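Biologist: I should like a close look at a single part of this predicted model. Please go through the burial, the side-chain contacts and the ring geometry, and give the values with each step.

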Amino acid sequence: MSSLKELQELIHEKYGIDTSTLDPNTSLRDKGFDSLALVEFVFAIEDRFGITMPDADTDVDTLAKLADLVDQLKAAQTT
């Protein structure tokens with residue numbers, strides 16, 4: 001199950017961005033996220049899903065890629 005919807009809701013909760021305006025394949029930088037905001041969002045993702053994002057993947061900046069990564073990390077926890 002994809003985490004995309006939950007990530008969209010998390011952005012809405014934290015930043016007040018309407019989920020209908022979030023294209024999963026567009027860079028979050030295009031929505032005004034700078035490097036600091038992306039790092040803060042990664043921390044929020046880790047807290048929400050109980051996962052640890054690898055440092056090598058901090059350049060992932062679309063919701064689709066983040067959802068894929070979250071899904072992989074969650075799946076790895078259950079195996």
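Modeller: Ser3 is a suitable place to begin: in this predicted model, its relative accessible area is 0%, so the residue is buried. Ser3 belongs to the segment before α1. Its side chain makes a polar contact of 3.5 Å with the side chain of Lys74.

The helix that follows, α1, packs against helix α3, which comprises residues 63-78. The angle between α1 and α3 is about 120°, and their axes are 9 Å apart. Angles of 65 to 115 degrees would count as roughly perpendicular and those over 145 as roughly antiparallel; α1 and α3 are therefore oblique to each other. The crossing in which α1 passes α3 is right-handed.

The aromatic residues come next. A pair of aromatic rings is described by the distance of the centres and the angle of the planes. With centres required to lie within 6.5 Å, the count comes to three aromatic pairs. One of them joins Tyr15 and Phe33: the ring centres are 4.9 Å apart and the planes stand at 70°, so this pair is edge-to-face. Because Tyr15 lies in helix α1 and Phe33 in the loop between α1 and α2, the pair ties together parts that are 18 residues apart in sequence. The two partners have unlike surroundings: Tyr15 is partly exposed, at 29% relative accessibility, whereas Phe33 is buried, with a relative accessible area of 5%.

Tyr15 also forms an aromatic pair with Phe41, with 6.4 Å from centre to centre and 65° between the planes, which is again edge-to-face. This pair links distant parts of the chain, with Tyr15 in helix α1 and Phe41 in helix α2, 26 residues apart. Phe41 has a relative accessible area of 1%, and therefore counts as buried. Tyr15, Phe33 and Phe41 form one aromatic cluster. In addition, the charged end of Lys14 sits over the ring of Tyr15, at 5.7 Å from the ring centre.

Beyond the cluster, two residues of the loop between α1 (4-15) and α2 (35-49) deserve mention. Asp18 lies in this loop and is partly exposed, with a relative accessible area of 41%. Its side chain is joined to that of Ser20 by a polar contact of 3.0 Å. Asp18 and Gln8 are ten residues apart along the chain, and their C-alpha atoms are separated by 8.6 Å.

Ser27 is placed in the loop between α1 and α2 as well. Since buried means under 20% relative accessible area, Ser27 counts as buried at 17%. The side chain of Ser27 makes a polar contact of 2.6 Å with the side chain of Asp61.

In summary, Tyr15 shares one aromatic cluster with Phe33 and Phe41, and the charged end of Lys14 sits over its ring. The contacts described include those of Ser3 with Lys74, Asp18 with Ser20 and Ser27 with Asp61.

Definitions and conventions: Residues are numbered from 1 along each chain as its sequence is written. This is a predicted model: local features need pLDDT of at least 70, side-chain atom pairs count only at pLDDT 80 or more; totals for chains, interfaces and linings use all residues. Side-chain values use heavy atoms; hydrogens and water are left out. Helices (H or I, at least four residues) and strands (E, at least two) are DSSP runs, numbered from the N terminus. Buried means under 20% relative accessible area, exposed over 50%, partly exposed in between (1.4 Å probe, protein chains only). A polar contact is a pair of N or O atoms within 3.5 Å; within protein, one must be able to donate a hydrogen and the other to accept it, and residues adjacent in sequence count only if both atoms are side-chain atoms. Rings of Phe, Tyr and Trp (its six-membered ring) pair if their centres lie within 6.5 Å; planes under 30 degrees apart count as stacked, over 60 as edge-to-face and the rest as tilted. A charge sits over a ring if NZ of Lys or CZ of Arg is within 6 Å of the ring centre and within 35 degrees of the ring normal. Axes are lines fitted to C-alpha atoms, for helices over the stretch in contact, and angles run from 0 to 180 degrees between N-to-C directions. Angles under 35 degrees count as roughly parallel, over 145 as roughly antiparallel, 65 to 115 as roughly perpendicular and the rest as oblique. A crossing is left-handed if the near helix is turned anticlockwise from the far one by less than a right angle, and right-handed if clockwise.
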